[in-house]
Amino acid sequence: MPADLITDLDMIRRLAAAQHDRFEVMRYLLEDEDALTDAQIDRLVDHIAAPIIAAIDCTQCANCCRVLDVYLTPDDAARLAAGLDLPVAAVTDRYIDHAAAAQVGEWGRFRARPCALLNGTLCSVYAHRPQTCRAYPAFTPDFRWTLADLIDGAGLCPIIYNVLIALVAATDRLPLLPDDLCAVIADAPDDSGAC
Ligand code: SF4
Ligand code: SF4
């Protein structure tokens, strides 16, 4: 388990604001870094993120379920209807706002924030939750080009904050990386990558 993980939400909010400029510097460096391909950067990010994701217990947090807008597809509505044992029309009436979603070109959005299906810090429809919930927070593919959105989320999500802090430490000497990370990003087992 990675040491020094921070999960207190007030602290995360303050620290993310304080680290914002470092995160932005990392973003500029990565966007300009021609020596590393998108796939190599994604392998590096996945390698660093995996133990952090495994170590943080989302069932003790649920902050994303409280503060984020969740956009939905017809497949999500059908899955929720099955999980809630309700007709799709009833799920739509109770939980889904089409007009608000249409303003940003989406099919549906949960009406309530915090999510009406959140029970304490647990999702009451976990096995049937929308795809957006399953994917969050997504670091790859295309970490280099989606980092701006992740930086926006660093103040609300302990996983995002801790992964970005670990990446800043790993990439602060770009294009040089420590030897162990060179092996991670190598395109073949006997390749030292771009290092
Ligand atoms: S994804 Fe982030 S904000 Fe959501 S529950 Fe997990 S740690 Fe908390
Ligand atoms: S459906 Fe579940 S996972 Fe998704 S926002 Fe609501 S409570 Fe959270």
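**Notes on a predicted model**

1. Start with ligand 1. Around ligand 1 sit Ile56, Cys58, Cys61, Ala62, Asn63, Cys64, Tyr136, Pro137, Leu156, Cys157, Pro158 and Ile159. Two elements give two or more residues each to this shell: helix 4 (63–67) and helix 10 (158–171). Keep in mind that this is a predicted model.

2. What is the make-up of the shell around ligand 1 by class? It has 11 nonpolar residues and 1 polar residue. No charged residue takes part. Cysteines in this shell include Cys58, Cys61 and Cys64.

3. Now ligand 2. Its surrounding residues are Cys65, Val70, Cys115, Leu117, Leu118, Cys123, Val125, Arg129, Pro130 and Cys133. By class, the shell around ligand 2 splits into 9 nonpolar and 1 charged, with no polar residue. Arg129 is the charged one.

4. Next, the domains. The protein chain is divided into domain 1 (9–63 + 138–185) and domain 2 (69–135). Note that domain 1 is written as two segments. How far apart do the C-alpha centres of domain 1 and domain 2 lie? They are 28 Å apart.

5. The two domains touch. Domain 1 gives 5 residues to the contact, and domain 2 gives 4 residues. On the side of domain 1 that touches domain 2, 3 residues are nonpolar and 2 are polar. None there is charged.

6. Look at helix 5 (residues 74–84) and helix 6 (residues 88–95). Their axes come within 9 Å and cross at roughly 100°. Why is helix 5 called roughly perpendicular to helix 6? Because angles of 65 to 115 degrees count as roughly perpendicular, and the crossing is roughly 100°.

7. Which residues make this helix contact? From helix 5 come Ala77, Ala78, Leu80, Ala81 and Leu84. From helix 6 come Val88, Val91 and Thr92. The contact of helix 5 with helix 6 counts 7 nonpolar residues, 1 polar and no charged. Thr92 is the polar one.

8. Last, the sheet. It is open and has 3 strands, in the order 1-3-2, with antiparallel pairing. The edge strands are strand 1 (71–72) and strand 2 (96–97), and each pairs on one side only. Strand 3 stands between them in the order.

9. How many bridges join strand 2 to strand 3 (residues 108–110)? There are 2, and the two strands run antiparallel. Aspartate 97 has arginine 109, in strand 3, as its bridge partner.

How values were computed. Residues numbered from 1 in each chain as written. Chains lettered and ligands numbered in written order. Predicted model: local features only at pLDDT ≥ 70, side-chain atom pairs only at ≥ 80, totals over all residues. Pairing = 2+ DSSP bridges. Helix = DSSP H or I, 4+ residues; strand = E, 2+ residues; numbered from the N terminus. Near = placed C-beta within 6 Å. Axes fitted to C-alpha atoms, helices over the stretch in contact; angles between N-to-C directions. Contact = placed C-beta atoms within 7 Å. Domains from an automatic or database assignment.
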